[in-house]
Amino acid sequence: MKVKAGAPQSSKERGAHPVRDALRARAYANSIPLTVNLEITKRCNLSCRHCYVAGSADELSTERVLGLLDEIAAAGTMWVTITGGELAVRGDWLTILRGVKQRGMILSVLTNGTLFSDDDIAALADTHPARVSVSLYGADEGAHERVTGIAGSFVRSVATLRALVARGVTCRIGCVLMRDNIAEVPRLIELAKEIGCEFLFDPTVVPRTDGTADVTQYRVPSDKLRAFYMDPTILSMSREGKVVSSRDDVPTRVAGNCTAGITLAFIEANGDVLACNGLRPAFGNVAARPFAEVWHSDAAVEHRRHMQEPLPECSVCDLLDFCTARCPRLALAEHGSLLARSDRACELAAVVKDMHQALLA
């Protein structure tokens, strides 16, 4: 859920765009990976308790990453997000970012923002990223560092945000909602406004990418979510809030899967190509194989066949019109099928429906 903090609306929020929509339709029909999320490391200098990163610690070499950028560009990729772990633990992170731009692709960056020097920030800004997202879990040192486990991380992250915004870079504060930081959201919205950046929150703590689910203990329970969404700012600005507050009938929706593995690819630090982060099994590995070969492998084709099948449970669910968070990765983890319902999505949809009906009463 995105809460704007003085930033312009995204194209999605402005409505349909014929050229963009035609591009995405063509990519979907032809399995073109328009968007690639590239994890360049699983290492991180923080110890966030809810972290979903897991799996092999192997990393592709600089040479292989740059070659991979050539391959995804040739496959039709337009948008690349560089992520980790924390990307800045790699000494070649700037070379990789520059490599994305040199190949004509649109660059986004996910970071905790704690490792950049002044020179690093200037160099990062000079790559002209479409957006830099910095993780914050509270609006002061105490709240944020209870999650990260590292003293000084709040000050460094905020300083990076301020420095990048001052250089004209579009930035976003990203926050995963947890039991004991949900009260921080109004303060984080105000901090984002003061800095001059966007704010994004996610109400679902996801299982680790190796399938272990211990971190889901930090999820916010539904009763607290109901109270949270009644905050006037959240209610008026979040996606769920718009559905809740509508006094018209909610339009009927179609139960469809997402585009993971069809127009979206996730490449892990060791070269495994996944449909999306944590959505296994991998299609193959690009450490020694070309991306195109892996992207069009039998495993990838089989995944797409399943993703384009109807969603039997969701199609007949009375919560469908209120559902905003169904994820095939969660469905697979919870019920063993890409086509199953997601328990967390159902829980959130029930919250939205209850609040919507309360306002209609």
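1. The residue just after helix α5, His128, takes a positive phi of about 55 degrees. The model is a predicted one, and this backbone value, like every other value below, is computed from it. His128 is found in the loop that runs between α5 and β5. Its phi is a positive value in a residue other than glycine. Most residues other than glycine have a negative phi. With 58% relative accessibility, His128 counts as exposed, because the cut-off for that class is over 50%.

2. A second positive phi belongs to Ser31, where the angle is near 55 degrees and the residue is again not glycine. Ser31 is placed in the loop between α2 (18-30) and β2. Is Ser31 buried or exposed? Its relative accessible area is 17%, so it is buried, the limit being under 20%. The two residues thus fall in opposite classes: Ser31 is buried, whereas His128 is exposed.

3. Helix α5 itself contributes several residues to the interior. Its buried residues are Ile121, Ala122, Ala123, Leu124 and Ala125. Against which elements do the buried residues of α5 pack? The partners are two helices, α4 (93-102) and α7, and two strands, β4 (106-111) and β5 (131-135).

4. The pairing of α5 with α7 can be described in detail. The axes of α5 (residues 118-126) and α7 (residues 153-166) come within 10 Å and cross at roughly 45 degrees. An angle of this kind lies outside the parallel, antiparallel and perpendicular ranges, and α5 and α7 are therefore oblique to each other. The crossing of these two helices is right-handed. On the α5 side the meeting residues are Ile121, Leu124 and Ala125, and on the α7 side they are Thr160, Ala163 and Leu164. By class, this contact has five nonpolar residues, one polar residue and no charged residues. Ile121, Leu124 and Ala125 also appear among the buried residues of α5.

5. Helix α7 has a further helical partner in α6. The axes of α6 (residues 141-148) and α7 come within 8 Å, with a crossing of roughly 105 degrees. Because angles of 65 to 115 degrees count as roughly perpendicular, α6 and α7 are assigned to that class. Glu141, His144, Glu145 and Thr148 of α6 meet Ser153, Phe154, Val155 and Ser157 of α7. How many nonpolar, polar and charged residues does the contact of α6 with α7 have? The counts are two nonpolar, four polar and two charged. The contact of α5 with α7, by comparison, has no charged residues.

6. Asn181 is a polar side chain with two backbone partners. The residue sits in the loop between β6 (171-176) and α8 (185-195). Its relative accessibility is 2%, so Asn181 counts as buried. A polar atom of its side chain lies 3.1 Å from the backbone oxygen of Tyr137. The side chain of Asn181 also reaches the backbone oxygen of Val176, likewise at 3.1 Å. Apart from residues up to four places away in sequence, Asn181 touches Tyr137, Cys175 and Val176.

7. Asn37 offers another buried asparagine, this time in strand β2 (residues 35-39). At 19% relative accessibility, Asn37 counts as buried, because the limit is under 20%. Which residues does Asn37 contact, once neighbours within four places in sequence are left aside? They are Thr81, Leu264, Ala265, Phe266 and Ile267.

8. Tyr218 is found in the loop between β7 (198-202) and α9 (222-229). With a relative accessible area of 23%, Tyr218 is partly exposed, because its value falls between the 20% and 50% limits. Beyond its neighbours within four places in sequence, Tyr218 is in contact with Arg49, His50, Leu177, Met178, Arg179 and Val205. The C-alpha atoms of Tyr218 and Thr41 are separated by 25 Å, and these residues are 177 apart along the chain.

9. A last backbone point concerns a peptide bond. The bond from Arg280 to Pro281 is cis, with omega near 10 degrees. Most peptide bonds are trans. Pro281 is found in the loop between β9 (272-274) and β10 (284-285).

Conventions:
Residues numbered from 1 in each chain as written. Predicted model: local features only at pLDDT ≥ 70, side-chain atom pairs only at ≥ 80, totals over all residues. Heavy atoms only, no water. Helix = DSSP H or I, 4+ residues; strand = E, 2+ residues; numbered from the N terminus. Buried < 20%, exposed > 50% of the residue type's maximum accessible area, 1.4 Å probe, protein only. Polar contact = N/O pair within 3.5 Å; in protein donor to acceptor, adjacent residues only side chain to side chain. Contact = heavy atoms within 4.5 Å. Axes fitted to C-alpha atoms, helices over the stretch in contact; angles between N-to-C directions. Parallel < 35°, antiparallel > 145°, perpendicular 65-115°, else oblique. Left-handed = near helix turned anticlockwise from the far one by under 90°. Nonpolar A, V, L, I, M, F, W, Y, C, P; charged D, E, K, R; others polar.
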